[in-house]
Structure formats: C-alpha cells, structure tokens
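This note is addressed to a colleague who is meeting the structure for the first time. Please read the points below alongside the sequence and the model.

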Amino acid sequence: MSDSTAWHRHTTVACLFSGAIATLAGFAAGEVFSLVNGALSPLTTMGDSVIDLSGPSLTRWAIDTFGTANKTILQSSIIATVLVTGAILGVLWKRHRRIALTILIGLTVLVGIAAYSRPNSTGMAGLPTLAAGAATLLVLWALVRQNERSTEPDAVRTDRRRFLLTASAIAVGSTVIGWWSRHHGLTTAVEEERAGVDLPEPAEPAPQVANPDFPSVDDLTRFHTDNASFYQIDTAISPPRIKLDDFRIRVHGMVDHELTLTFEDLLARRLVERDITLCCVSNEIGGNLVGNARWLGVPLSEVLDEAGVHSGADQLVSRSQDGWTAGSPTSLIMDGRDALIALGMNGEPLPLQHGWPARIVVPGLYGYVSATKWVTELELTTFDAYDAYWIKRDWALPSPIKTSSRIDTPRKKASAGDVTVAGVAWAQSRGIEKVEIQVDDGEWNRAELATVPSPDTWRLWQWDWKKATKGKHTLTVRATDGDGNIQTSTESSVIPDGATGHHSITVDVV
C-alpha cells in the first residue's frame, strides 16, 4: 500500500471518528445546558418524542421484550443512531461541507422544535439543543481541520497520533461530563433535598395485621414490595427532577374554587397511611408488573371537596410534570376508597423514579388511568371533553382491575413428596376471598390465605401439595374476589383493558 493510499484511508477513517466524537460532544453540551437551565436535554427530548409517536403495538412490544429496561434500550438506540449519523456527517463534511452543514442545522432545528413542543416548555427550552448543535459543529470543524493541516503523506503517522490523542481526550471528556450531568447533576441536588424531608406521623396509621406473609416459604413474594424492586412503567425517558421551590399542584376545571398546593401545604394537611397494591394494565397473567407498598398521603377526596366539584364533572384528569395524563372516574375517587396524593412510600419520601415529590394512588384502578407520578395538575372535566394519554392510543376507558392470581413457587423443579405451592392474588377494592390450586386436570384445592389489612392489597396464599409424584405436572391457580366472582379462565391479551386467564406452570418433580 502506498503512502498516499494510506493517507487517504486515514483521513476517511478520521472523518468518520470526527463526526461520531463531535456528536458525543454535542450530547455532553446538551446535558450540561439542561442542568444549567432546567430544560430537557436533546437526548430526553428525542426519547420522549419517540415514546409519544409510538403506537400501542410498538409500545406493547417494547414492554413485552425489554420490560422495565425498555427506556434504557431506547436511550441506547438513540445514542447509537445519532453517533452513526454523526459519523456520516464527518465524511460529508470533508467532501460536501454545505450538505453536511445543512443536515446538521436541520437536525438541530428539528430537535429544537420538539423541545418547544414538550409540555411545560419555557422560552429557554431550545437552549440545550442549540448548545448541542453548536458543540457538534465546533468539534467537527476542529477535528477535520486538524487532518487537513498536513498534505504530505510522510506526515500520516504524526498526524494520526495527534488526531488519536485529541479525539480520545474529547471522547472521554464528553462521556464523563455528559454522564455526570445526566445522572448526578440536578439529580444529586434533588436527592439531597429529598433526603432532608422529614415526613410527619400520619393522623391515621395503616391498619396492622398479624400475618400478612408466609416467611418460611422460599421464593414467595413478600407482602410489602421494597422501593427498589417496585415495578416502574412510565413514559418518562428519565424521571423529572423537581425542586420543592418549583413544585405546585393546581386543582382547576369544573370546580367552585381553584386551589394551588405546595409541598408544605400537603405536609400540613391530614395525612393517612395505607397499604395499597398497584398494578400495570400491561401485566401479563403471571407477570410481575404489580407491587404492594405502604403509602403516606393526603386523601384526594378531601382536596376535591375543598375545591367544590361540579355535578357534571365525571372525570378527574391528573397531569404529570412531563405532560403525561391519566383520566379517573370522579365517582370512584369520591366513593370512600383511599385515593391519595401520596408523598411517602414504605416509610420514606417518594423516590424520584416513583413520583417525587407527589403522585396519585387510586386503589382498584390500573395505573394507566390513575397512577400519575410527578403530579402537577388535577383538572375536573368530563370524559366527553377530554381523552387522556393512553385513551388516545386505543386503550379502554377506566375499568376495575381484574381478579388475578400468580404462582411464585415452586419454579421449574421440585422434589418428590410434600411440596409447598405458594403465590399471590389480587382484586383491589374487592379483595380476595378464596384461592384454589389444580394439579393437572384434577379437582380444585383450596389454599391457605394470609391476613390482609384491607381489600386494597394483594393477598399471599399457600397450599401443601401432598405426595407429589415424579414426572411433569401442570399447576394452575385461580382466585375468587370479595364479590364472589371467580377469576375467568378465558384468555385475553392486555390490550385494551388488562389480561385475563389462569396462570399455569409446568413443574418437573424429581
């Protein structure tokens, strides 16, 4: 290979890397300016836009395929796509600079428009995107120019070393700065503020029960799900980072008196503590998108009573800081159930990913029509007048959570003889009265139930499978709710209002 050929190949590869590294620097600049002015970074803007534009089928596929890691996969895909685009721009910059510049400006403008179209955007919403575009342009120009300084093939080795040192320094610096800004910048400040909050003792503590768990059963779900393990399904590409000085909940719409509530206002109100199980409508039969926590919060009905709800307001729309909405039937909020503006979760202020500083918890309704995190608005309106986020995407209007049950243990294998079969069942607001287990096609056997404080929580159960014989066996579970309704065996998908069917597992008894 001639020195000239090596030189030209070097410059092409250098341009590819220049473009990719320039976009990496752009990401970092966007995160830094997002930290400075509180607006969404380009990465968050692009991620939120992709989520909003995704149809129900694509959303469902992402949850089925990646579970709670779906947003991490989305962010990684966006970064990879942008880096590849940047690499292409690097080559174009060398050969067709005007075209490359036009594409870069066009992409910057497009993402900037998306930033201004996001809910709660301000006049500075496009600043992080502008900074990202400017940084990308500056670094791309500098790196490519460095490769143009020498036209002699003999200088290829020296220029290659200089380029690698410069590019590596920019890449490492951009990665560190961008990662820190995204994960530790404002998040650290918000976490410190959260850690400084002392939640008051509840005026009404949660009812106590003696035996909500079966602690001797291995691999069985516990009555309380710890915060780190609690399922997390939402549309926010990253949790909104809300400072308490900026936090407000506005109560408006079809009310006699509009209210504006600060965090201090909420803490000063009557707080109640309740054990409540939440469930995602995307939870498959036997799935784990369900959890039970001890919530501390303000009774939502008391806030609405103070505002004075008009008689025709049949829908309560709750809005998140990131613009997500849920529509709940007003009649259910006001029917005596423990619907809360929750401030605490399992004895501590709400974690960022679960709604800090405040969220809505409504027992008996799926999360897509009730469980608004990072809540900033409560609007009284009608179902005819407004369709909330998921209703616009072909999911059903609010309906009660369906009676469900799950086998947690045994898993795939068990030893012959006596085997403990155990799991959990739920039918929030109705409660669980009976759980039954079937072995193969045999009779239904009644399980022992743990005690529960209210019908708003799931209920643990266990059954002693006597003299299990060697071979493969099918175990099936079904539950009966507090209204006497037996869980249906008819199988249906989660769309449009929750999955139905019996959970069955195959166990190899050895």
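The numbered points below cover a surface patch, the nonpolar cores, one helix and one sheet.

1. The model is a predicted one, and the remarks that follow should be read accordingly.

2. On the surface, Leu-101, Ile-105, Val-109, Ile-113 and Leu-137 form a nonpolar patch of about 400 Å². Helix 5 (residues 97-117) supplies the largest share of this patch, four residues. In an α-helix there are 3.6 residues a turn, so residues three or four places apart point the same way.

3. Leu-137, also a member of the patch, lies in helix 6 (residues 127-148). Leu-137 counts as partly exposed because its relative accessibility is 31%.

4. In soluble globular proteins, nonpolar side chains tend to be buried together. The largest nonpolar core here has 84 residues, and Ile-249, Trp-295 and Ile-341 touch the most other members. Another core, of 21 residues, lies apart from it and includes Ala-414, Val-435, Leu-475 and Ala-479.

5. Helix 4 (residues 70-95) consists of 26 residues; its first and last C-alpha atoms are 38 Å apart, close to the 38 Å expected at 1.5 Å a residue. Among the buried residues of helix 4 are Leu-74, Ile-78, Leu-89, Val-91 and Trp-93, together with Asn-70 and Lys-71.

6. Five strands make an open sheet with mixed pairing, in the order 12-19-18-14-15. Strand 12 (413-414) and strand 15 (444-446) are its edges, each pairing on one side only.

7. Within this sheet, strand 14 (residues 432-439) and strand 18 (residues 471-481) run antiparallel and are joined by seven bridges. Glu-436 has Arg-478 of strand 18 as its bridge partner.

Terms used: Residues numbered from 1 in each chain as written. Predicted model: local features only at pLDDT ≥ 70, side-chain atom pairs only at ≥ 80, totals over all residues. Heavy atoms only, no water. Patch = residues over 30% accessible without salt bridge, like charges linked within 9 Å, V, L, I, M, F, W, Y side chains within 5 Å. Areas by Shrake-Rupley, 256 points an atom, 1.4 Å probe, with all protein chains shown as cover. Salt bridge = Lys/Arg side-chain N within 4 Å of Asp/Glu carboxyl O. Helix = DSSP H or I, 4+ residues; strand = E, 2+ residues; numbered from the N terminus. Buried < 20%, exposed > 50% of the residue type's maximum accessible area, 1.4 Å probe, protein only. Core = buried A, V, L, I, M, F, W, Y, C linked by side-chain atoms within 4.5 Å. Expected span 1.5 Å × (residues − 1). Pairing = 2+ DSSP bridges.
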